[in-house]
Amino acid sequence: FYIWGDASTGVPGTPLTLKAHLGYSDGNAGLGPNGTSIAPTGSYLDWMLGADVAVGPLTLGIAYVDTNISSGDAAYLQPNFSS
């Protein structure tokens, strides 16, 4: 199960667009089959804050993306995701 919301708004008079994302996942508890769960509990939040700028026919973007998966949980999963 994954639910998310995205928002974006242009900055008037500029080629800049600000954007944001918030998502919630509730999947397999534990590591699941073949270590496929991203979080040991199966539930986590993810988010993104960023900006796009139009440069001629191109759109260039930058974003900060993160989750609430702790360092300890990430270390627990590392053997399955390190390759």
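# A four-strand sheet and its contacts

Q: At 33% relative accessibility, how does Leu45 count: buried, exposed or partly exposed?
A: This is a predicted model, so keep in mind that we're reading computed values. Buried would need a value under 20%, and exposed would need one over 50%. Leu45 comes out at 33% relative accessibility, so it counts as partly exposed.

Q: Which strand is Leu45 found in, and which nonpolar surface patch does it help make?
A: Leu45 belongs to strand β3. On the surface, Leu45 joins up with other nonpolar residues to make a patch of about 500 Å². The patch is made by Phe1, Ile3, Leu22, Tyr24 and Leu45.

Q: In what order do the elements of the chain run from the N terminus on?
A: Let's count the pieces: the chain has one helix and four strands. Going along from the N terminus, you meet the strands before the helix. Written out, the run is β-β-β-β-α.

Q: What is the order of the four strands in the open sheet?
A: Here you can build the sheet up pair by pair. β1 and β2 pair over nine bridges, β2 and β3 are joined by 11 bridges, and β3 and β4 pair over 10 bridges. The pairing is antiparallel, and the sheet is open, with the order β1-β2-β3-β4.

Q: Which strands stand at the edges of the sheet, and why is one side of each left without a neighbour?
A: The sheet is open and runs β1-β2-β3-β4. An edge strand here has a single partner strand, so one of its sides has no neighbour in the sheet. The strands this applies to are β1 and β4.

Q: How many degrees does the twist average from one strand to the next?
A: The strands of this open sheet pair in the antiparallel sense. Going from one strand to the next, the direction turns a bit, and the twist averages 15 degrees.

Q: How many residues lie between β1 and β2 in their hairpin?
A: Strand β1 covers residues 2–10 and strand β2 covers residues 16–26. The turn that links them includes Gly13, which has a positive phi of about 80 degrees. Between the two strands of the hairpin, the count of residues is five.

Q: Which residue in β2 is the bridge partner of Gly10?
A: β1 and β2 are antiparallel, and you can follow their pairing residue by residue. One matched pair has Tyr2 opposite Ser25 in β2. For Gly10, the bridge partner is Thr17.

Q: Which residue of β3 stands opposite Leu16, and which residue of β4 stands opposite Met48?
A: Time to move across the sheet. β2 and β3 run antiparallel, and there Leu16 faces Val53. β3 and β4 are antiparallel too, and there Met48 stands opposite Val65.

Q: Which side chains meet in a salt bridge, and how many residues apart are they?
A: The structure holds one salt bridge. It brings together the side chains of Lys19 and Asp52 at 2.9 Å, N to O. Lys19 sits in strand β2 and Asp52 in strand β3, so the pair links distant parts of the chain, 33 residues apart.

Q: At 25% relative accessibility, does Lys19 count as buried or partly exposed?
A: The cut-off for buried is under 20% relative accessible area. Lys19 has 25%, so it counts as partly exposed.

Q: How far apart are the C-alpha atoms of Thr67 and Trp47?
A: Trp47 has its place in strand β3, while Thr67 lies in strand β4. Leaving aside close sequence neighbours, Thr67 touches Trp47, and also Tyr44, Leu45 and Asp46. Along the chain Thr67 and Trp47 are 20 residues apart, but their C-alpha atoms are separated by 6.3 Å.

Q: How far apart in space are Trp47 and Tyr64, C-alpha to C-alpha?
A: Trp47 is partly exposed, with a relative accessible area of 26%. Beyond its neighbours within four places in sequence, its contacts include Tyr64, along with His21 and Leu22. Trp47 and Tyr64 are 17 residues apart in sequence, and in space their C-alpha distance is 8.2 Å.

Q: What share of the residues of the chain count as buried?
A: The chain exposes about 5700 Å², and carbon and sulfur atoms supply 63% of that area. To be called buried, a residue needs under 20% relative accessible area. Of the 83 residues, the share that count as buried is 18%.

Note on methods: Residues are numbered from 1 along each chain as its sequence is written. This is a predicted model: local features need pLDDT of at least 70, side-chain atom pairs count only at pLDDT 80 or more; totals for chains, interfaces and linings use all residues. Side-chain values use heavy atoms; hydrogens and water are left out. Buried means under 20% relative accessible area, exposed over 50%, partly exposed in between (1.4 Å probe, protein chains only). Accessible areas come from the Shrake-Rupley method with a 1.4 Å probe; for residues, only the protein chains shown count as cover. Two strands pair if DSSP finds at least two bridges between them. A salt bridge is a side-chain nitrogen of Lys or Arg within 4 Å of a carboxyl oxygen of Asp or Glu. Patches are made of residues with over 30% relative accessible area and no salt bridge: like charges are joined within 9 Å, nonpolar side chains (Val, Leu, Ile, Met, Phe, Trp, Tyr) within 5 Å. Axes are lines fitted to C-alpha atoms, for helices over the stretch in contact, and angles run from 0 to 180 degrees between N-to-C directions. Contact means heavy atoms within 4.5 Å.
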